Amino acid sequence: MRVSSMSVPKSPRIWQLAERRYRLIGTKCLKCGRVFIGPRKVCPQCGSRELQDVELPRRGRIYSYTVVRAPPMERENYGPYIIAIVELENGCKLTTEIVDCSPEEIDIGTEVEAVFRKIGEESKSGIIYYGCKFRPVK
Amino acid sequence: MRGEVAVIGVGMTRFGEHWDKQLRDLFVEATLEALEDARIDLKDIKAMFIGNMGSGMWVEQEHLGPLLADYLGVPGIPSVKVESACASSGMAFRLGVLAVASGLYDIVLVGGVEKMTDVTTPESTHHLASAADREWEAFYGVTFPALFALIARRHMKQYGTTREQLAKVAVKNHKHGSYNPKAQFQRPITVEEVLSSPLVADPLRLLDCSPISDGAAVAILARADIARKFTDTPVYVLGSGVGTDTIALHDRDDITVLKSVVLAAKEAYSMAKVEPRDINVAEVHDCFTIAEILAYEDLGFAKKGEGGKLIDEGVTELGGRIPVNPSGGLKAKGHPVGATGVAQIVEIVLQLRNEAGKRQVPNAEIGLTQNIGGSGASCVVHILGARRR
Amino acid sequence: MKFNGEIPAIYGWGSYIPIYRIRLDEIAKAWGEDPDSVKRGLQVEEISVRGLDEDQVTIAVNAAWNALKRAPEVNPKDIGAIYVGSESKPYAVKPTATIVAAAIGASVNIRAADYEFACKAGTEALISVMAQVASGMIRYGLAIGADTSQSWPGDVLEYTASAGGSAFVVGPKSTSSAAYFEAQYSVATDTPDFWRRDEVKYPRHMGRFTGEPAYFKHIILAAKELMEREGLKPSDFDYFVPHQPNGSFPIRVALRLGFKLEQVKPGLIAPIVGNFYSGSSLTGLSRVLDIAKPGQRILLVSFGSGAGADAFSIVTQDAIEVKKGLAPTVDYHINRKKYVDYVTYLRNWGKIYWV
């Protein structure tokens, strides 16, 4: 049962990153070529300020994964879920939930693709957060 | 800066569930103990640095600097909250050391405090996740156990580290904790118990994880040349190092290496002019069992990937070549996140003063503390010595 | 039908069906009913179940992404209108259409809205987009029908109300379009066969009244109107895709109109995935497009309670062949499944209410 909605994001903070989450938009450093999931103004690898938004590939492989069984308050009653670091086809790594399969069906190296899903909601009367999760390619 | 600053007194509350105490009560209790240990009065303290991760989230109170100075009866002295997630009080200690070494203050109080049990466990899990990348990790359902589980799985795949080796870390620390009256858990456990405890974030189980705790720890620092006015057994800060790494685990090249630890340790060893094999006793950040294995490697006690061997060979048990976490570590002693850093200092100070009772490491001369924040986004390492040398 | 401008055509079609399924036996067991009679009566074996993290919006977006995969020549920024039809929107006020717009990378210069007309809201969305393309108001438009269909616990609708949806990218007919619209006719009357009141979570219906005076009457009216006005007979069509509330009504209405089983079977998916309400007939159409050859004619007739029907005559073109393989087919979604029990079904559907 969710108790306090004071510490879950409200509309503006969600809206600021919503389109990036929906379309899997990351940032690419034009100097060293490294790609990041977060919106960056300075490259953490080479320090360059020349960065550009890029649409990331929607496929990748699992780099590591776990099954979360002790959820944070916003995921109470959601049941155990798989969290993974996925390495996309262009080398960019991101953290996401793996869905539509059981933990036994995946391992490090499993190929996965993005699907649009509900990430959470502020409350039953509040806004809904959407974004990408990943599921095994079949 | 080597040997310029000394610890002249330490104190801490028991770590555990303090239902009847508030954050400020815990801090005052630890401070009064430290003041007595240092045989010093509050009016001699020139500044305070208080480590705390999330008072605003857990108890809706910020501005701990003046709050605690007020409640200690010294409103007016410079006092500030220092935050670096679970490395908050390690950082506070570092800032206190810098403050004294700079010559600006001769006696400084550093401490850490956290009150986590006033909310439900899922709420704590949510607040703890603010040490990760809220927008790109926590938002998607990441928890702290999950991050370390991701690391553990890679470590097991890349180096063959086993579930049993992780379990042995918890067993060792519980054994040590049973000698520590301030520890949250004082009951020894077995490998079988660890391996059959409920899964928290596969492959990590309940007994691989440090608990949610309340507590406070305080140390009094003084300029080395006046330390002996207060105590016959000053402990000297020989080295101090800090490092950071990417906030998100996924932005690191190899998640089995905590670069922040490597950087912090390098700075600390260099300043202290010692090498890993000179360390007699260490308090490391075993927020999860895998973190202790990583600590062995990133601190230089073992080669990368061979941390598991150390625990198999009993090297890091009391009685071994380099006892790690004689206090019980975060696992058995407890982990009120903002208080842990200074609590590690408290243990090493007691060890170097030969006051650790049943968990004393014989002839401990040089000790190391390693305190990390988040999934290794920050790390602070201190090297303390019984002699100023 | 004479379009006074461009002839609207389909450039891309795409569907999405959640992976979870529940066998009707599980539901029957929960309510003490005989599974065999239920399945025989409805001609349905199993239905799709939404995942806990899925809703009408996520289904709409996934379907839209698939439709755009089949229309690589269409830049999302050239889409001038996005309409989504549904009766299970998570927001009663706040359009799904704008979330879809953000998720596909549309520009800010779009018309957008959500439609409601029970199970024909999806085809209403399609009609709007067709009209704007035909009149030259937009170059391309996106129409979606998607639902996580609601049903009262213990009601017969539980056996068929399922989750899924389809999307269509529409533009002016050209050599790159997959199929063009030949004609479109609709009927609507005030018929209270099935409805959902504003503050009530589940719909109600009048049992057998939803058959003859509602479903059959309106589908037959719209289909006959189209065929008469266009001078077409059932034998002029290769496929007949009516709204599919279960596995038996579509066959009955097909035969009554003079169509043969082979014409209605290809688009009939309700027996194995159930009724996606606004996504139902559109997904039947999607499946037909997955397998149709160039130069074939399709009669699509959706039905919405309340009540009305939208009839479309669609003719496939050469480009359909190359587009088929560009996105997962309806069969891909149908065959990718995991079974759940009734309790999981209740939990996923939010029928066991939690704060």
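pLDDT is the predictor's confidence in each residue, on a scale from 0 to 100. Keep that in mind here, since what you're looking at is a predicted model. For chain C, the mean pLDDT comes out at 97, with 99% of its residues at 70 or more. As for the model as a whole, it scores ipTM 0.93 and pTM 0.94.

Let's start with how the chains meet. Two pairs of chains are in contact, and the pair sharing the most contacts is A and B. Chains B and C, on the other hand, have no contact joining them: their closest C-alpha atoms are 12 Å apart.

Now zoom in on A and B. Here 31 residues of chain A are in contact with 32 residues of chain B. On chain A's side, the elements that put in two or more residues are the strands β4 (59–68), β5 (81–88) and β6 (93–98). Sort that side of chain A by class and you get 19 nonpolar, six polar and six charged residues.

The contact between chains C and A takes 18 residues from each of the two. On the chain C side, α3 (56–69) and α4 (96–104) are the elements giving two or more residues, and α3(C) gives the most, with four. By class, this side of chain C has 10 nonpolar, four polar and four charged residues.

While we're on chain C, have a look at its open sheet of three strands, which has the order β3-β2-β14 and mixed pairing. β3 (46–49) and β14 (338–339) of chain C are the edge strands; each has a single partner, so one side of each is left without a neighbour in the sheet. β2(C), residues 20–23, pairs with β3(C) in the antiparallel sense over four bridges. If you want a landmark, find C:Y20, which stands opposite C:V49 in β3(C). Lying across β2 and β3 of chain C is helix α1 (residues 24–31), which runs at about 55° to β2(C).

Finally, hop over to chain B and its helix α6, residues 144–159. How far should its 16 residues span? At 1.5 Å a residue, the answer is 22 Å, and the end C-alpha atoms of α6(B) are indeed 22 Å apart, so the two agree. Is this helix enclosed or not? A residue counts as buried when 20 or more other C-beta atoms lie within 10 Å of its own. In α6(B), 13 of the 16 residues are buried, so the helix is largely enclosed by the rest of the structure. Just after α6(B) comes B:G160, which takes a positive phi of about 80°.

Conventions
Residues numbered from 1 in each chain as written. Chains lettered and ligands numbered in written order. Predicted model: local features only at pLDDT ≥ 70, side-chain atom pairs only at ≥ 80, totals over all residues. Contact = placed C-beta atoms within 7 Å. Nonpolar A, V, L, I, M, F, W, Y, C, P; charged D, E, K, R; others polar. Expected span 1.5 Å × (residues − 1). Buried ≥ 20, exposed ≤ 12 C-beta atoms within 10 Å, placed from the backbone. Pairing = 2+ DSSP bridges. Axes fitted to C-alpha atoms, helices over the stretch in contact; angles between N-to-C directions.
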